[in-house]
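Please follow the chain in the viewer while reading, since the paragraphs below move from strand pairing to helix packing and then to individual residues.

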Amino acid sequence: MSVLTRDEAQTRARLLSVQRYAIDLDLTTGGDDTFTSRTAIHFTAHTAGDTFVELKPAVLRSVSLDGTPLDPEALDENRLALSLTEGPHELRVDADMAYSRTGEGLHRFTDPVDGETYTYTQLFMDDVQRVYAAFDQPDLKAVFDLTVRAPDGWTVLANGITTPQEDGRWTAATTPLISTYLVAVAAGPWHSVTTEHAGLPFGLHCRRSLAPHLDADADELFEVTRHCYDRYHEKFDEPYPFDSYDQAFVPEFNAGAMENPGLVTFRDEFVYRSAVTDTERQTRAMVIAHEMAHMWFGDLVTLQWWDDIWLNESFAEYMGYHTLNEAAQQASSGTLPAWSSTDTWVYFGITRKSWGYDADQRPSTHPVAPPADAVPDTASAMLNFDGISYAKGASALRQLVAWLGQKDFLAGINTHFARHKFANATLADFIDSLARATDRDVHAWAEQWLRTTGVDTLTPTVEETDGAWHLTVTRQGERPHRLTVGAYDHAPGHGNTLVPREHIDIDVPQDETTVRPGRRPALLVLNDQDLTYAKVRLDATSTETALRSLSGIPDALTRAVLWNSLRDMVRDGELEPAAYLETARAHLTEEADLAIVQGVLAFAAAHITDRYLTPIERPAALALLSDLTRDLIRRTEDGTNPGLRLIAVRHFIDAATQPDTIRGWLEEGHVPGGPALDPELRWRILTRLAVLGATDDRDIAAHLTADPSATGEEGAARCRAALPTPAAKEAAWNAMFHGDTLSNYLLTATAQGFWQPEQEELLRPYTARYYQDAPPLADRRGPAIADAVGRHAFPGPVDTDALHQGEAALTRTDLLPALRRKLTDQVDDLRRALHVRGRTTS
């Protein structure tokens with residue numbers, strides 16, 4: 001298929017403007033494979049000229065331009081050429097389109113619990129063309145009239161309020177001007193919960209088999225939604241621009257959520273079937289806040305071209321965390337709701353920010369706002385939806401607010417909305433809007449922060465002379481930083497407890513050296529409030545204090561900054577992985593913030609034990625994690641911290657090297673003292689038993705019979721792929737790479753089970769097979785599957801032979817861009833793991 005280039009989009013935007021789409025979808029034809037799509041596009045050519053319309057049909061029945069038939073055979077891949085005279089035109093297209101099983105286009109899913117079928121659109125980037133014919137670029141906005149014919153008993157949701165008509169047809173209210181990729185439909189026998197707020201209908205929707213779980217959380221979900229809606233109306237002068245606000249939790253969704261105006265779609269794992277922690281509820285709330293922010297950043301004002309995706313994602317990321325953090329700060333005394341019970345910036349720092357740091361140190365890094373020639377087409381644009389566009393961009397905005405001030409920042413945002421509402425904008429437009437609100441040189445700031453790559457490193461040097469101490473901050477990098485330095489002393493008579501002496505606000509490079517009276521503090525923390533984006537190092541005294549007294553630091557955000565510093569030191573080969581594990585062993589049993597506990601354990605498991613330690617070193621590390629999580633389980637026996645207990649139980653299961661304890665839990669149906677085993681914990685235990693060779697296909701089948709849900713099917717696929725037998729591995733491999741029938745979720749689950757560090761010798765031959773089989777699979781099944789195969793099915797062995805095979809694969813010129821990006825990142829991570837192990841030869 002041809003991808004749209006920036007030059008082509010600019011040429012087409014100069015040639016024509018689009019007024020209206022009338023889209024008619026019939027979901028009652030074509031059975032399980034196809035649906036009917038009829039589109040009428042009303043547009044104007046400013047001059048005579050040639051252009052094209054995009055579509056990817058299964059069958060193109062007819063096309064007419066101004067009533068004159070065009071030859072359907074003229075469709076060239078996904079483009080139909082048009083020769084236009086100056087003036088208004090109407091293009092009509094009648095086609096059959098294929099349902100998707102990969103989360104692209106119009107995805108179709110049949111629930112194994114009750115046999116009910118659901119469909120929903122995901123039209124991002126160029127998947128519009130899988131559903132309706134379009135001039136598919138973000139700066140050709142139009143209004144949309146949508147009609148959908150659905151089977152009896154179905155409800156149709158769309159961007160605007162929908163109304164049922166005769167013969168199973170539903171009509172949606174005409175949209176305001178929006179981009180083609182933001183059109184949304186979700187059709188099926190939805191279970192719905194509705195309410196009204198600020199005069200608008202609000203709705204929550206999920207498949208019927210999840211109805212009890214949605215009902216249990218509906219009050220919480222509406223509370224978060226109302227809070228975000230009200231907070232954004234306090235911040236933004238422009239009111240919410242659409243006629244309703246529906247949130248649909250849909251199956252097999254590739255992203256966390258999608259900001260379709262008026263109809264946000266979420267992955268339905270956010271309808272919790274099993275126990276979750278308050279941190280996970282807070283994460284769900286943040287996603288709700290993120291997607292609602294998009295109603296302004298992305299939907300009301302849309303990027304002009306895909307080089308400015310940060311204008312969508314960085315802002316929504318920043319506003320989501322900022323808005324939820326305000327909920328905790330502004331709440332009155334009393335018990336806070338679970339979704340706002342802790343500082344959201346702690347979770348951002350320990351989880352999201354590390355995503356940005358990792359992405360920014362790989363060969364695939366790019367500026368937050370890359371230059372135009374770096375995003376020449378839609379295929380290259382898709383690769384930039386990563387930790388840089390989300391986490392680094394949000395971090396840059398947080399630094400901008402610290403430097404600019406909240407008042408001027410919001411003034412610039414509101415100017416931006418007023419100037420570009422229902423239209424498109426660029427980085428230059430946004431910076432100009434900010435410049436109207438401040439005397440600061442925001443253009444220079446943008447060049448330094450948004451047009452550059454890499455992570456700065458800030459290193460302190462401390463000297464004591466004549467009753468004073470001198471702090472010098474050395475910067476490796478080029479960006480200016482406004483940050484806070486925290487100075488801490490030991491609390492007399494309180495063991496490892498630290499108390500803050502003072503917080504010093506500095507600008508780097510202007511304030512490289514700071515002089516303060518008295519003895520030097522026991523601990524100095526650069527970037528104490530985590531307001532800037534940089535790796536921070538500790539001086540020798542502070543490192544010793546942190547390793548010994550980390551849990552004695554009073555503020556969770558400070559502890560998160562220090563844990564991130566230790567994490568970076570491990571990744572850079574400056575701190576032994578074992579020292580990180582010992583620090584976790586010493587301090588996590590005293591840690592009160594669940595986001596920190598989860599983040600540290602996740603890094604310890606996924607990176608240190610699975611990648612950074614040798615097979616000889618790994619058993620001792622797993623034993624340490626087992627001891628640590630067992631201590632956490634004992635600490636929570638009184639039932640006062642179920643979230644911490646749940647985290648500990650999960651990680652105890654994952655670290656198990658012997659099956660007896662966890663098999664006993666599975667047979668008893670509960671952990672002694674709680675919790676009872678819900679579906680998530682059952683499948684987690686069974687997966688670990690499969691890895692250890694302590695279960696078999698008969699046992700897996702029995703558990704699937706007990707839990708015949710979609711997540712049950714995924715759990716069974718994960719378990720079967722994890723079995724340590726040649727037959728199980730071969731069956732899983734064939735299903736992933738040669739069957740072409742697995743949905744996106746089932747392929748991911750199979751890949752997650754396949755590669756296990758305990759099975760390295762059994763799996764070693766599959767490394768070479770991966771590089772043979774992954775490229776043709778990506779070519780056959782497209783970017784979503786390419787992403788999944790590159791992310792989850794990448795070979796597990798950590799050795800120089802695996803590295804050399806990966807490097808050789810990257811010399812190929814025929815890799816699908818989505819697969820190439822994932823392989824580039826994975827090979828670099830493998831190289832880093834070998835460096836940490838001390839096995840590199842360079």
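In this predicted model, a useful place to begin is strand S22, which covers residues 457-465 and pairs in the antiparallel sense with strand S23, residues 468-476, over nine bridges. Within that ladder, Leu458 has Arg475 of S23 as its bridge partner. The two strands form a hairpin with two residues between them, and in this hairpin Asp466 takes a positive phi near 50°.

Strand S22 also pairs with strand S28, residues 535-536, but here the sense is parallel and the pairing runs over two bridges. Leu458 takes part in this pairing as well, with Val536 as its bridge partner in S28. Leu458 can therefore be followed to a partner in each of two strands, Arg475 in S23 and Val536 in S28, and both senses of pairing fit the general rule that strands of a sheet pair through backbone hydrogen bonds, either parallel or antiparallel.

A separate place to look at strand pairing is an open sheet of four strands, whose order is S8-S9-S14-S11 and whose pairing is antiparallel. Its edges are strand S8, residues 105-110, and strand S11, residues 155-158, each of which pairs on one side only. Averaged over the sheet, and with direction ignored, neighbouring strands are turned by 10° against each other. Inside the order, strand S9 (residues 117-122) and strand S14 (residues 185-188) run antiparallel and are joined by two bridges, and Tyr120 has Ala186 of S14 as its bridge partner.

Turning to helices, two packed helices are described by the angle between their axes and the distance between the axes. For helix H21, residues 726-737, and helix H22, residues 744-754, the axes come within 10 Å and cross at roughly 145°, and the crossing in which H21 passes H22 is left-handed. On the H21 side the contact is made by Lys729, Ala732, Trp733 and Met736, which meet Leu747, Thr750, Ala751, Gly753 and Phe754 of H22. Sorted by class, the residues of this contact comprise six nonpolar, two polar and one charged.

Beyond H22, the loop that leads to helix H23 (760-763) contains Pro757. Is Pro757 buried, partly exposed or exposed? Its relative accessibility is 29%, and because this value lies between the 20% and 50% cut-offs, Pro757 counts as partly exposed. When residues up to four places away in sequence are not counted, Pro757 touches Asp610 and Arg618. As for Asp307, which lies 450 residues from Pro757 along the chain, the C-alpha atoms of these two residues are separated by 39 Å.

Thr545 offers another residue to examine, and its place is in helix H11, which spans residues 540-549. With a relative accessible area of 3%, Thr545 falls under the 20% cut-off and is therefore buried. Leaving aside neighbours within four places in sequence, the residues in contact with Thr545 are His490, Leu498, Ala522, Leu523 and Leu550.

The cysteines close this walk through the model. How many disulfides does the structure hold? The structure holds zero disulfides. Cys206 is at 0% relative accessibility and so counts as buried, and Cys719, likewise at 0%, also counts as buried.

Technical notes. Residues numbered from 1 in each chain as written. Predicted model: local features only at pLDDT ≥ 70, side-chain atom pairs only at ≥ 80, totals over all residues. Heavy atoms only, no water. Buried < 20%, exposed > 50% of the residue type's maximum accessible area, 1.4 Å probe, protein only. Contact = heavy atoms within 4.5 Å. Disulfide = S-S within 2.5 Å. Pairing = 2+ DSSP bridges. Axes fitted to C-alpha atoms, helices over the stretch in contact; angles between N-to-C directions. Left-handed = near helix turned anticlockwise from the far one by under 90°. Nonpolar A, V, L, I, M, F, W, Y, C, P; charged D, E, K, R; others polar.
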